[in-house]
Amino acid sequence: MDTSQKLISLPDTLRPKDGRFGSGPSKIRKDALDSLAATGSRFLGTSHRKSTVKNQVHRLQNGLSDLFQLPDDWEILLGNGGTTLFWDAASFGLIENRSQHLTFGEFSSKFATVVSDAPHLATPEIIESLPGTHPLSMPSNVDAYALTHNETSTGVMVSPRRPSKDGLVLVDATSAAGAASWESDEVDCYYFAPQKALASDGGLWLAACSPKALERIERLCDGNRWMPASLNLGIALTNSRQHQTYNTPALTTIFLAAEMVDWLNQSGGMAWSEARCRESSSSIYSWAEASEHADPFVKIESQRSSVVCTIDLQGVDADDVSNTLRANGIVDTESYRKLGRNQLRLATFPAIEPTDVVLLCQSIDYIIERLLP
Ligand SMILES: *Cc1c(COP(=O)(O)O)cnc(C)c1O
């Protein structure tokens, strides 16, 4: 920011109660942190192989099955390393030979790269579209279809759909899980990390798996295909059934995720969460459409994310706006670095109050008016 500029100070009436609008790590509810603190000496610092911790893992697994209304024969797997590690594990334990990938931003491209580089797999089929849009999957001669529920780098959302009755449908739902509904008929493996829509901390991956996905994991991880143990989904499956992870997890991440999932279920489940995110994101898109200086980056309304809103700015430097917001305690509104646009990226995850989102838009207007030449 131009240092000769005087800091623009927001009036108290425009300040959101909570200034965290980042797309991940994202706002963690203070109530969840208070519940964690209240466990005192009874949880953190105790063994992940004993019931105190295993009960929390079980609570998280059950809570997710309820939230997603999973059929009884689905299972929730978990392990360390977040979504990025899960891509590596999936290249061993879920893709048999050849996969199809929809790539339309940073995260969807990364999984495609993992698979392209894997010497034991065939060259994947990649269907690409420009950032700010999404491509569609097509039936093909592959054994796995890789989709992304919400492309966090661009703010594009797409409902997972099974393109063919053959092949597993693997959905990266890192920023959508718990915020946007999906149908278990359309998906075989719905995987994510909990530091985005699930308002927890990072370092963990979770995967809701259909019987077809479980069968694939058990077959590919039977010892015939070499894979490192930490990337072995068969080992993860065995541990998950005992409410454990292969190696030591971050207990905080597990507890906060379980708190969030219970809060969502108690508040009205997926329908409630989805409506709340839609309310927040609609405030932002309507504000941007009405503003002379802002426009939604995603032009096709049906592709606009309900949890990550990307807003192009005109006539004012988006970095100046984000920096001024940050100086006022409103953080992480910067656009995804590699997209390279004059843009704000504003999260509207379920933990974020819709009333705070309205104040955020008013704060941005206040700042833009004062930054204009
Ligand atoms: C954040 C994100 C990832 C990466 O998650 P990590 O837990 O940091 O590995 C992958 N996919 C999507 C869609 C994301 O939003």
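## Surroundings of the ligand

A residue is near a molecule or strand if one of its heavy atoms lies within 4 Å of it. In this predicted model, 13 residues surround the ligand, and T84, T152, D172, Q195 and K196 come nearest. The shell comprises three nonpolar, eight polar and two charged residues; Asp, Glu, Lys and Arg count as charged, Ala, Val, Leu, Ile, Met, Phe, Trp, Tyr, Cys and Pro as nonpolar, and the others, Gly among them, as polar. Helix 3 (residues 82-93) gives the most to this shell, namely four residues. Helices (H or I, at least four residues) and strands (E, at least two) are DSSP runs, numbered from the N terminus.

## Atoms close to the ligand

A polar side-chain atom of D172 lies 2.6 Å from a ligand nitrogen atom, and one of Q195 lies 3.0 Å from a ligand oxygen atom. The protein covers 87% of the 390 Å² of accessible area (Shrake-Rupley method, 1.4 Å probe) that the ligand has on its own.

## Strand 8 and its partners

Strand 8 (residues 189-192) directs C189 and Y191 one way and Y190 and F192 the other, and all are buried, that is, under 20% relative accessible area (1.4 Å probe, protein chains only). Strands pair if DSSP finds at least two bridges between them. Strand 7 (residues 168-172) runs parallel to strand 8, joined by three bridges, and L170 has C189 as its bridge partner. Strand 9 (residues 204-209) runs antiparallel to strand 8, with four bridges, and Y190 is partnered by A208.

## Basis of the values

Residues are numbered from 1 along each chain as its sequence is written, and side-chain values use heavy atoms, without hydrogens and water. Local features need pLDDT of at least 70 and side-chain atom pairs 80 or more, whereas totals for chains, interfaces and linings use all residues.

Technical notes. Buried means under 20% relative accessible area, exposed over 50%, partly exposed in between (1.4 Å probe, protein chains only). A polar contact is a pair of N or O atoms within 3.5 Å; within protein, one must be able to donate a hydrogen and the other to accept it, and residues adjacent in sequence count only if both atoms are side-chain atoms.
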